[in-house]
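Good morning, and thank you for coming. I should like to walk you through one structure, part by part.

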There are 2 protein chains.
Amino acid sequence: MGTISKALKLLNYFSIDQCEIGLSEFQVFSGLNKATVYRHLCELQSNGFIEQNVDSKKYRLGPSLLRLATVREQTFPMKVAISIVVDKYSRKLGELVHVSLFDGAFMSPLYHADLQPHGTRVYFNEGELLPMHATSSGLAMLAFGGADILKATLDKPLKKFTGRTLSTRAALKKQVQQSLERGFASCSEGFEKEVFSIATPVFEGSQKCIGTIAIALPLSRLTNETEANIITNLKLASTEVSKTLGGSIPTSIVELWAQ
Amino acid sequence: MGTISKALKLLNYFSIDQCEIGLSEFQVFSGLNKATVYRHLCELQSNGFIEQNVDSKKYRLGPSLLRLATVREQTFPMKVAISIVVDKYSRKLGELVHVSLFDGAFMSPLYHADLQPHGTRVYFNEGELLPMHATSSGLAMLAFGGADILKATLDKPLKKFTGRTLSTRAALKKQVQQSLERGFASCSEGFEKEVFSIATPVFEGSQKCIGTIAIALPLSRLTNETEANIITNLKLASTEVSKTLGGSIPTSIVELWAQ
DNA sequence: GCGTCATGGTTCATTATTTGAACCGATGGT
DNA sequence: ACCATCGGTTCAAATAATGAACCATGACGC
């Protein structure tokens with residue numbers, strides 16, 4: 001791994017609940033030498049990618065990111081492109097579908113739709129981050145997003161949201177392993193009671209998993225047939241979204257799905 | 001300049017009207033060796049900071065930026081806070097107002113508003129970096145941002161955008177000196193023809209100048225009275241924005257303004 | 001007040017990584 | 001069929017990254 005990647009990966013340690021990070025914290029997180037980390041932080045800072053809190057001496061993300069994100073969104077409206085696929089499958093499956101991207105520590109919802117009216121609905125807040133260990137999106141990401149993400153998740157405490165949240169490292173590892181073998185992740189009442197969800201990974205160019213597409217429905221509407229139907233369609237949706245993003249499903253997963 | 005900075009500066013070539021850039025274009029823009037540029041682009045790509053259009057082989061900004069910008073705004077909501085002040089003064093003065101931050105080499109627009117309709121409008125591209133020597137924002141930053149920034153700017157060639165762009169070191173130094181004495185910077189047709197602008201510095205905690213607030217209007221609407229009115233209001237706006245950022249206008253400048 | 005610990009920041013010889021000229025294959029225009 | 005240009009690759013040479021040890025400061029316990 002080159003110097004540039006090492007520096008850029010430092011930015012990934014920032015998240016909503018870890019918005020300021022000090023030099024020695026970076027050193028622990030990254031495992032790099034302190035002098036190395038410091039110089040990388042200096043370079044990131046001089047380019048506006050991070051800035052330093054003058055009082056605490058800790059670092060936070062910088063304003064340059066805002067401009068670049070603005071350009072990206074205005075020139076490549078990913079959200080619009082994805083919404084077409086999400087809308088289509090929400091109609092086809094009659095349930096809530098969402099695409100979420102990995103955020104450094106959580107899954108960050110990009111777009112969701114729940115277009116068929118039902119008596120009961122899954123509550124979905126697009127501004128709320130989804131925990132990795134307690135949602136199907138998170139589990140799918142942990143399975144297909146690379147070992148670093150799983151390691152980082154296991155290094156932090158696993159907050160319990162319901163009685164059924166995976167809260168031990170062993171249970172989480174087992175679920176991730178199962179997701180890896182099946183090619184999709186499912187989660188029953190891990191985050192919200194009475195909610196069941198299934199997720200498949202979404203890949204951008206160079207076969208890198210950047211997020212997931214997931215369906216969430218009340219447990220009461222779940223049957224074996226609907227589950228099978230959902231899994232079949234999520235695989236298609238995943239392929240379409242990946243294509244939209246200029247990526248494709250890795251052949252290893254395609255073969256897995258074909259079984 | 002380290003490898004990391006060289007790579008990050010490649011991202012600055014992207015803008016709203018230059019959203020896809022090829023390898024050889026990067027080579028020309030940056031003046032770096034092609035192999036160097038290529039490897040840097042690969043590393044940026046593997047971290048999601050850029051991605052490649054599979055058809056044209058050109059590069060565009062990547063989705064990681066969206067995530068990082070989201071974290072930044074959610075944990076340090078500078079843009080939202082500032083937009084309130086900018087909107088207010090755009091209405092009050094009836095012209096385009098923007099806040100831009102120093103980026104390491106350019107002024108990077110953070111937010112702009114042009115809320116009163118006019119027959120003629122100043123074209124403002126929020127994704128485009130503003131040169132230091134050719135805009136009022138840049139001049140104000142050079143005057144109040146510390147000697148290092150001025151030195152760095154003087155070390156590089158001063159690109160001529162119009163017939164009236166300051167393109168000699170002596171002329172630039174003189175303008176910066178004048179801005180320092182007056183407490184604000186003005187610039188007539190330095191970047192775009194027929195556009196006049198005035199800028200005042202914005203300070204965060206510990207009295208460090210991190211950017212500017214500026215107004216831009218067609219030369220045809222400029223009169224002595226409007227200019228005086230703008231200057232008075234920009235001083236107020238600058239104070240408000242600085243306060244929003246947890247800073248304040250240094251007493252030396254407050255005294256200057258009071259004269 | 002004093003010693004201890006952890007923090008951010010700095011140094012310099014050693015080493016490993018970046019660098020760049022030249023090269024390759026593909027594509028498109030004349 | 002040629003030439004120009006594009007993205008991408010190679011390998012020796014040179015430069016830039018690295019890491020152990022060091023310094024300064026501030027918080028804490030005694």
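I shall speak about the contact between two chains, then about the nonpolar cores, and finally about a DNA strand. Please bear in mind that this is a predicted model.

Let us begin with the two chains. Here 50 residues of chain B are in contact with 45 residues of chain A. Several elements of chain B each supply at least two residues to the side that touches chain A, among them the helices α1, α3, α4 (64-75) and α5 (78-93), and the strand β4 (107-113). The largest share comes from α4(B), with eleven residues. By character, this side of chain B divides into 22 nonpolar, 19 polar and nine charged residues.

I turn now to the interior. In soluble globular proteins, nonpolar side chains tend to be buried together. In this model, the largest nonpolar core has 93 residues, and those with the most contacts inside it are A:Leu65, B:Leu65, B:Ile213 and B:Ile215. Strand β7 of chain B, residues 208-218, contributes the largest share of this core, seven residues. Leaving aside its neighbours within four places in sequence, B:Ile215 is in contact with residues including B:Leu93, B:Val97, B:Ile198 and B:Leu234. There is also a second, separate core of 56 residues, which includes A:Phe102 and A:Val202.

Finally, which residues are the closest to DNA strand C? They are A:Gly2, A:Gly22, A:Ser24, B:Asn33 and B:Ala35, out of 17 residues that surround the strand. α3(B) gives the most to this surface, with four residues. The surface near DNA strand C divides into five nonpolar, seven polar and five charged residues.

Thank you for your attention.

Note on methods. Residues numbered from 1 in each chain as written. Chains lettered and ligands numbered in written order. Predicted model: local features only at pLDDT ≥ 70, side-chain atom pairs only at ≥ 80, totals over all residues. Core = buried A, V, L, I, M, F, W, Y, C linked by C-beta atoms within 7 Å. Buried ≥ 20, exposed ≤ 12 C-beta atoms within 10 Å, placed from the backbone. Contact = placed C-beta atoms within 7 Å. Near = placed C-beta within 6 Å. Nonpolar A, V, L, I, M, F, W, Y, C, P; charged D, E, K, R; others polar.
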